[in-house]
Amino acid sequence: MADAWWHAWWTWPLALFLVSFAIGVVAVLAGVGGGVLFVPIVGSVFPFHLDFVRGAGLAFALAGTLAAGPTLLRNRVASLRLALPLALSGSIASFAGALAGLALPTDVVQVALGATVVAIALLIWRAGDADAGTGETDALGAILRLRGRYEDPVEGVTIDWRTRRTLAGFAAFAGIGFFGGVFGLGAGFANVPALNLLMAAPLKVAVGTSGLIISVVNSSAAWVYIHRGALLPALAVPAILGVMLGSRLGARLLTRTPAVVVRRLVIGVMLLAGARALARGLGVWP
Amino acid sequence: MTREDLIQQTYARWLDAATRAAFAASLAAFAAYASGLAPSFVPLDALPRLWQLPLEQYLAQTGAPEGWGWLQLAGFSDYLNLACIALIGAVTPLCYLAVLPLLLRLGERLQAALVAAQIAVLLTAASGVLAGSH
């Protein structure tokens, strides 16, 4: 009986649904699309070829960020005004990155990606939050009116925030988009520090807006996988359904979760993602 | 409600409705697929052998199409599921299209230009022009 279950075609998709639900909760709290967790976990534990895991991972990240979006926007944890220019910058660059990715030696860029992500995680760990809400915005930020008000029910404070170093932020998102395009990732682990440390958005706004940006950037990339035939419904749909349910729960938990817990999750996810990229680049864990 | 809230809430409302619709369609299509109610292009029992193959071998062994060829197979339950995934890929451009008239009505010309440019990028991606093939 157990042997029949093990060999039935639906056993692995069912397990994939459960794993996707769990990753969906964590991904929203960490401000990442989840592909960076999904691809290494599913790619190493499940019997699917990595080509299909990548396709399912992209659909997973897209569905999770779309499902979390309404709650994040209504709670003002995500800012549409902030996401619009950064997502545009990121999605154009991700096209260029996808094309460049075909020409670059993958192991070299994997090592560079892993080292950069680990370095950023350590930087956040040591630096703490940017001093959000204080100081004047720059000229570009003022023209685009990149500011907002966020009420944090856990901390019991209302934060009036505005961005700084906006042009550098655009450049960072173009760079992240390019890098993400090379690897087929949403690169939420880089979005959060760019929004928080560089542009001075509060950490929770950075986490929420990062998810919104990933939903836009990944919408472009999803079509590439669809047109290439790299999306297997038997894998992609259980992953999508699992993460849609999980990320709705994660989005509700985000407003109630203390910022320090969110920070630890962000650092943990980044260290995990960075170590994974380093291991792949060095051939330790291909 | 402030102008900021109006734009943000409109986007959230469309995003919520479109995501729920895509979720419901995916769930129904997958139920028909997994239960065997509707025929699938690639037999379900063959999947455990096929999903271990690299993409190129999978395409060669199954005769699965690339580009927009999948649309002609939407009568099969597996490709009906793929159409539902494509619906999920269309949620963001739909939401951008929904807030564009509102931004223009509120005089937010710069934001409207950003939204229009993003729609153009997303439609280019959906067209498959840049997708390439194996």
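This tour goes through a predicted model, moving from one helix of chain A to a single residue and then to chain B.

**First stop: helix α4 of chain A**

Select residues 50-74 of chain A, which form helix α4. At 1.5 Å a residue, its 25 residues should span 36 Å, and the C-alpha atoms at its two ends are indeed 36 Å apart, so the expected and the computed values agree. Now move along the helix to Ala68(A), where α4(A) bends by about 35°, and notice that a proline, Pro70(A), follows within four residues. If you then display what surrounds this helix, you will find that α4(A) is mostly covered, with 23 of its 25 residues buried. After the helix comes Arg76(A), and its phi is positive, near 60°.

**Second stop: Ile240(A)**

Select Ile240(A), which belongs to helix α11 of chain A, a helix made of residues 233-256. Is Ile240(A) buried or exposed? Ile240(A) counts as buried because it has 31 C-beta neighbours inside 10 Å, and the cut-off for a buried residue is 20 or more. Leaving aside residues up to four places away in sequence, select the residues that Ile240(A) touches, which are Ala59(A), Phe60(A) and Ala63(A), together with Ser26(B) and Ile88(B) from chain B. For another distance to display, choose Phe179(A), which is 61 residues from Ile240(A) along the chain and has its C-alpha atom 24 Å from that of Ile240(A).

**Third stop: where chain B touches chain A**

Color the two chains separately and look at the place where they come together, where 54 residues of chain B are in contact with 49 residues of chain A. On the side of chain B that touches chain A, the elements that give two or more residues are α1 (3-35), α2 (47-50), α3 (55-62), α4 (77-89), α5 (91-105) and α6 (109-127) of chain B. Which of these gives the largest share? The helix to select is α1(B), which supplies 15 residues. Sorted by class, this side of chain B holds 35 nonpolar, 14 polar and five charged residues.

**Last stop: chain B as a whole**

Finally, show chain B alone and follow its sequence through the pattern α-α-α-α-α-α, since the chain has six helices and zero strands. Its radius of gyration is 19 Å, well over the 14 Å that the globule rule gives for 134 residues, so chain B is more spread out than a compact globule. As you rotate the view, keep in mind that the C-alpha trace of chain B spans about 55 × 30 × 25 Å along its principal axes, and that buried residues make up 36% of the 134 residues in this chain.

Key:
Residues are numbered from 1 along each chain as its sequence is written. Chains are lettered from A and ligands numbered from 1 in the order in which they are written. This is a predicted model: local features need pLDDT of at least 70, side-chain atom pairs count only at pLDDT 80 or more; totals for chains, interfaces and linings use all residues. The expected span of a helix is 1.5 Å times one less than its number of residues. The bend at a residue is the angle between axes fitted to the seven residues ending there and the seven starting there. A residue is buried if 20 or more other C-beta atoms lie within 10 Å of its own, exposed if 12 or fewer, and partly exposed in between; C-beta atoms are placed from the backbone. Two residues are in contact if their C-beta atoms, placed from the backbone, lie within 7 Å. Ala, Val, Leu, Ile, Met, Phe, Trp, Tyr, Cys and Pro count as nonpolar, Asp, Glu, Lys and Arg as charged, and the others, Gly among them, as polar. The radius of gyration is taken over C-alpha atoms; the globule rule is 2.2 Å times the number of residues to the power 0.38.
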